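Open your viewer, switch to a cartoon view and keep the selection box handy. We will go from stop to stop, and at each one you will hear what to pick and what to look for.

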Amino acid sequence: MIGRLNHVAIAVPDLVAACAQYQSALGAVVGTPQDEPDHGVRVVFIELPNTKIELLATLGDNSPIAGFLEKNPAGGIHHICYEVVDLLAARDQLQAAGARILGDGTPKIGAHGKPVLFLHPKDFTGTLIELEQA
Ligand code: CO
């Protein structure tokens, strides 16, 4: 069902510092910050030859990554995103197999303007998985 790794998301306490580090220390091509108010995050994408890194910082008072950053004050890997050809079919198949979809199961539009869903990390070896319609 899953296809390419679309991105690895890293929650960071200081987005400016993280961008500067990826740019200067790691020599990466760092994108411009985008606010995603529907997701409560500010996002910067870093394009790598084979995938992307998504740096995530909190946006607003009820950011879903606030709790994660409380537990991981230095930041840390927050989720990984796999591409699927048909998001609704993937959701139905996963739910039928007993996996939990976060929220009400309705896809939201993700940072790339494509529909996304998140799978409960307790159902997938402690890893929060984002599925993105390819
Ligand atoms: Co993501």
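In which helix is Tyr22 found? Select Tyr22 and you land in helix H1, which covers residues 15-24. One thing to keep in mind as you look around is that this is a predicted model. Tyr22 has a relative accessible area of 18%, and because buried means under 20%, Tyr22 counts as buried. For a sense of scale, add Pro107 to the selection: the C-alpha atoms of Tyr22 and Pro107 are separated by 31 Å, and the two residues are 85 residues apart along the chain.

**Next stop: strand E1**

Select residues 5-11, which make up strand E1. Six of its seven residues are buried, so E1 is largely enclosed by the rest of the structure. Now show its partners. E1 pairs with E6 in the antiparallel sense over six bridges, and here you can find Ala9 opposite His79 in E6. With E5, E1 pairs in the parallel sense over five bridges; look for Val8 opposite Ile53 in E5.

**Next stop: strand E5 and its hairpin**

Move your selection to E5, residues 52-58. Here too six of the seven residues are buried, so E5 is largely enclosed by the rest of the structure. Add E4, residues 41-47. E4 and E5 run antiparallel and are joined by seven bridges. Together they form a hairpin with four residues between them. Within this pairing, Phe45 stands opposite Glu54 in E5. Keep Glu54 selected for the next stop.

**Next stop: the cobalt ion**

Which residues are the protein donors of the cobalt ion? Show side chains for His7, Glu54, His79 and Glu130. The histidines donate through NE2 and the glutamates through OE, at 2.0 to 2.4 Å from the ion. Along the sequence, the donor residues follow the spacing H-x46-E-x24-H-x50-E. Glu54 in strand E5 and His79 in strand E6 (residues 76-84) link distant parts of the chain, being 25 residues apart. Both can be checked for exposure: Glu54 is buried, with a relative accessible area of 5%, and His79 is buried at 3%.

Why is the arrangement around the cobalt ion irregular? The four donor atoms subtend angles of 84 to 172°, which makes the arrangement irregular. If you want a yardstick for your angle tool, the ideal angle for four tetrahedral donors is 109.5 degrees.

**Next stop: the largest pocket**

Turn on a surface and centre on His39, Pro64, Lys108, Val116 and Phe118, the lining residues that lie nearest the centre of the largest pocket. The pocket holds about 480 Å³ of space and is lined by 24 residues. Colour the lining by class and you will get eleven nonpolar, seven polar and six charged residues. Strands E4, E5, E6 and E8 each supply at least two residues of the lining, with E8 giving the most, at three.

**Last stop: a loop residue**

Finally, select Thr125, in the loop between strand E8 (115-119) and strand E9 (129-133). Is Thr125 buried or exposed? At 78% relative accessibility, Thr125 counts as exposed. Check its backbone as well: Thr125 has a positive phi of about 50° although it is not a glycine. Most residues other than glycine have a negative phi.

Definitions and conventions. Residues numbered from 1 in each chain as written. Predicted model: local features only at pLDDT ≥ 70, side-chain atom pairs only at ≥ 80, totals over all residues. Heavy atoms only, no water. Donors = N, O, S within 2.8 Å, 3.2 Å for Na, K, Ca; no water. Tetrahedral: all angles 85-135°; square planar, octahedral: opposite > 155°, others 65-115°. Buried < 20%, exposed > 50% of the residue type's maximum accessible area, 1.4 Å probe, protein only. 1 Å grid on protein atoms, 1.4 Å probe; cavity = no way out; pocket = protein on both sides within 12 Å on 5 of 7 lines; lining within 4 Å. Points joined across faces, edges and corners; volume = space filled by probe spheres on them. Nonpolar A, V, L, I, M, F, W, Y, C, P; charged D, E, K, R; others polar. Pairing = 2+ DSSP bridges.
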